[in-house]
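Here's a friendly walk through one structure, a stop at a time. Take a look at it first, then read on.

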Amino acid sequence: MRRLSICCFTSRQHKHPPQRSRGTMENPKLKYDNGNAENLNQKMISPSSNLAANIIANHDFSNGLQSWHPNCCNGFVVSAESGNPSGMSAKSGGNYAVVTNRTECWQGLEQDITGRISPGSTYSVSACVGVSGLLSGNTDVLATLKLENHGSATSYLFIGKTSVSKQRWEMVEGTFSLPTMPERLVFYLEGPSPGIELLIDSVVISCSSLSKSESTSTVCDIAGDENIVINPQFEDGLNNWSGRGCKVVLHDSMADGKIVPQSGKVFASATECTQSWNGIQQEITGRVQRKLAYNVAAVVRIFGNNVTTATVQATLWVQTPDYREQYIGIANVQATNKDWVQLQGKFLLNGSPSRVVIYLEGPPPGTDILVNALVVKHAEKIPPSPLPVIENPDFGVNIITNSQLNDGTNGWFPLGNCNLSVGSGSPHILPPMARASLGAYEPLSGRCILVKNRTQTWMGPAQMITDKLKLFLTYQVSAWVRIGSGASGPQNVNVALGVDSQWVNGGQVEINDDRWHEIGGSFRIEKQPSKVMVYIQGPAAGVDLMVAGLQIFPVDHKARFKYLRRQTDKIRKRDVILKFTGDGSSSLFGTFVKVVQTQNSFPIGSCINRTNIDNEDFVDFFVKNFNWAVFGNELKWYWTEPQQGNFNYKDADDMLALCQNYKIETRGHCIFWEVQATVQQWIQALNKNDLMTAVQNRLTGVLTRYKGKFRHYDVNNEMMHGSFYQDRLGKDIRANMFKTANQLDPSATLFVNDYHVEDGCDTRSYPEKYIEHILDLQKQGAPVGGIGIQGHIDNPVGPVVCSALDKLGILGLPIWFTELDVSSVNEYVRGEDLEVMLREAFAHPAVEGVMLWGFWELFMSRDNAHLVNAEGEINETGKRFLALKHEWLSHARGHIDVQEEFEFRGFHGTYIVEIVTASKKVSKTFIVDKGDSPLVVSIDL
């Protein structure tokens, strides 16, 4: 039986932190001075490919190691002419690769295949492999996929494995299908023990079955009169087209007839390109309207300069009436020199441009872009998915068979060649996060699964749960886990699910002792799978694993909401006594009183971007529904100083002016960003002394310019996931950044800010580690004034989130969710996820504010996370948000009592009281602030 979704989890967590791609709001587009980086990663569709085509570039190593990369090891290619240093000849008779200097089992050879895979299609994998070195017997070679997404831990998808001995070539085979595309997708081969050389003769990955949507649709619909591109298929030659820094040429074929149009009779090429931004363009000024969403589709490929794959991107160049330039990335695709592929995306213009040009760019200099068609059409409105109907959800019922091990290991099986037995001595109580969800419970049995003879990190106990899961239900995961002796350093333990060919993270914990540890997480499945397996994995090979009381059960959000309403009433409301005076001798007893809350004082804000404020519909929704703002990119260093000495503060100034005009408070995000991939190249090139000077200049420049204007600053973003400045300037630099910022602007509260703190799925930033990090900064004298939890979360479960907040709350610092977003294709499910997070935050005494990471489609970092559709329609998620905002306003009406008072209990915030006496109608405004005792408000009539 083919095993699903196995990953060597532990070692990778330390060697390969996810390279985050924050899409709309966190990714720099450094080459543009005033670029609109918000739209760089708008929704794309991967290329449809020929069923028989191999998507692996240089699959037989005929071009050396071109397109391949050794993963933390070394590699070289053996040709027939160079002899057989490994003692083997290539099975194909040509070349083969040798991967050497391997110190970990996961080290091997990898290739980035981003953009070459279509979601929903099934792919077959076949690799010819061997081994060399000091090996007696057999060893396993595995084919694996690495999936990287911003805001989520890197996941690993097991494809297949084979047992290999010296002097023999064997085949690793398997299949996979991805329901959605990650931001980065890497294929690699791994597995033999450290010191063993891995040999690779050839690799083939081909599409064995297309997705339903691909098999029933054409690559690019170019019919109809709606296309605003003139001469879209070059029927009229090159009229209306031009080169962007290069030449454009018309062809009916190229490469001795090997390249012909996919449709029509001709295609165009952008040639003699000397810069990656060179390409083919068309001006569409006057044909594209502001505040309308447009779909873009193009059929492209590349040619020349021995480049087999390269990114082709569709970009808008926009000139505003005041001659400012914006660059809006629409979409990109990994194009090849073998086949035509489809590029597809979506854009919207907020302002009224004076000029608009659409162009294709991206490949390295010397590589031509070939274009068969380009279509830009007004995007049709897509009706939302219906509200999921779930029959008999069985909330709180554990779907794991024999969880208490009353029947030995019946229902369980070992994943891999490990041994399972029943042990004793495990806790009798449920883990705290499960108790918070389940309430009253039966004690656990005290028995555990003992896993021995583990020779791979992914080995552990497993169980099939396919028929027990229901779509769109959120499941909570809970267990006690422990490791045996012999571990060198901290070990990750992970509850994982193999959902068909996809790895799903059910929670993880880092263990560095011999105690029992709680592991908690959650998951949800929104597409019917054929197989689902749950398994526990993670410690290094040779380390025993113990698992007790595994619980997987559906979560009753509505029951949790009832509890949270009671908690909210305790901490977000106050008793109020209105005491009326000043109406002469007439008694006010019995006079009608109406109290209306106009604004809740709890901070609920949103991320905005410079282009957003040119859209009056966006601004209207923003100022009506949010009282705080944070800038997506415009205060980051890569935006304010993209090249050394070239400053751009105008965007931030414009946005700050808007917020001040509407009395909206602002957070400063961020002064520095510790993740190296986000640091400008000019900064990375500085020596230590010059870098220290640049850091000081950055602090002085921002904190002096905006002194007293930003209430908060995220001083050094994501220190749990990056260390650029610390590595270059020493450990003290982080505390010194806080100290200097505080000296320059003592009025600002200085925050740490990181992700995956609250969801149980990342051992680099779980609450205990975050607490240690904060205490360490404070020990060095850093004036840390607030804790930022970003909140990019999937399928949240209240008790898991609350547990993290409780732990962090012991520090006594205000906690803010600084970048909250949730994602689901179904707007109703997305709305419920958002409600979970907002209610948990509002009901927790340590939380003092929530910032959404955007709300408008096409201007968010994640797909399917918006509250408002691109053209301004409030969707079901947005309606749920507005309903919560309405619920958190207090209103009261009644009559003044004999003591000439009126009492009510209401949320903190601003109120208007209206009184109608025999002689007049009076309205007064008052504020209910925080406090334990009743607030007495004198109303002078």
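## A four-stranded sheet

Let's start with one pair of residues: Tyr911 has Phe926, in β44, as its bridge partner. Tyr911 sits in a strand you can trace easily, since β43 covers residues 909-916. β43 and β44 pair in the antiparallel sense, over eight bridges. (Two strands pair if DSSP finds at least two bridges between them; strands are DSSP runs of E with at least two residues, helices are runs of H or I with at least four, and both are numbered from the N terminus.)

Zoom out and you'll find four strands in an open, antiparallel sheet, ordered β41-β32-β43-β44. At the edges stand β41 (891-895) and β44 (921-928), and each has a single partner strand, so one side of each has no neighbour in the sheet. From one strand to the next, the twist averages 20 degrees. (Angles run from 0 to 180 degrees between N-to-C directions, and axes are lines fitted to C-alpha atoms, for helices over the stretch in contact.)

## How to read the model

This is a predicted model, in which local features need pLDDT of at least 70 and side-chain atom pairs count only at pLDDT 80 or more, while totals for chains, interfaces and linings use all residues. Residues are numbered from 1 along each chain as its sequence is written, and side-chain values use heavy atoms, with hydrogens and water left out.

## The second largest pocket

The second largest pocket holds about 840 Å³ of space. (On a 1 Å grid over the protein atoms alone, a pocket is an open set of points with protein on both sides within 12 Å along at least five of seven lines, and lining residues have an atom within 4 Å of a point; grid points are joined across faces, edges and corners, and the volume is the space filled by probe spheres set on the points.)

It has 35 lining residues, and the closest to the pocket's centre are Asn600, Ser601, Phe602, Pro603 and Asn627. β32 (592-600), α6 (616-625), β37 (749-754), α16 (876-887) and β43 each bring at least two residues to the lining. By type, the lining has 15 nonpolar, twelve polar and eight charged residues. (Ala, Val, Leu, Ile, Met, Phe, Trp, Tyr, Cys and Pro count as nonpolar, Asp, Glu, Lys and Arg as charged, and the others, Gly among them, as polar.)

## Two helix pairs

The axes of α15 (residues 827-842) and α16 come within 7 Å and cross at roughly 30 degrees. The two helices are therefore roughly parallel (angles under 35 degrees count as that, over 145 as roughly antiparallel, 65 to 115 as roughly perpendicular and the rest as oblique).

For α10 (residues 688-705) and α12 (residues 732-744), the axes come within 9 Å and also cross at roughly 30 degrees.

## A five-stranded sheet

Another open, antiparallel sheet has five strands, in the order β12-β13-β20-β15-β18. Its edges are β12 (247-251) and β18 (341-348), each with a single partner strand, so one side of each lacks a neighbour in the sheet. Here the twist averages 35 degrees from one strand to the next.

β15 (residues 293-303) and β18 pair in the antiparallel sense over eight bridges, and Val300 stands opposite Val341 in β18.

## Two backbone oddities

Most residues other than glycine have a negative phi, and most peptide bonds are trans. Phe234, in the loop between α3 (212-215) and β11 (242-244), has a positive phi near 65 degrees. The bond from His669 to Cys670 is cis, with omega near -10 degrees, and Cys670 lies in strand β35 (residues 665-673).

Terms used. 1 Å grid on protein atoms, 1.4 Å probe; cavity = no way out; pocket = protein on both sides within 12 Å on 5 of 7 lines; lining within 4 Å.
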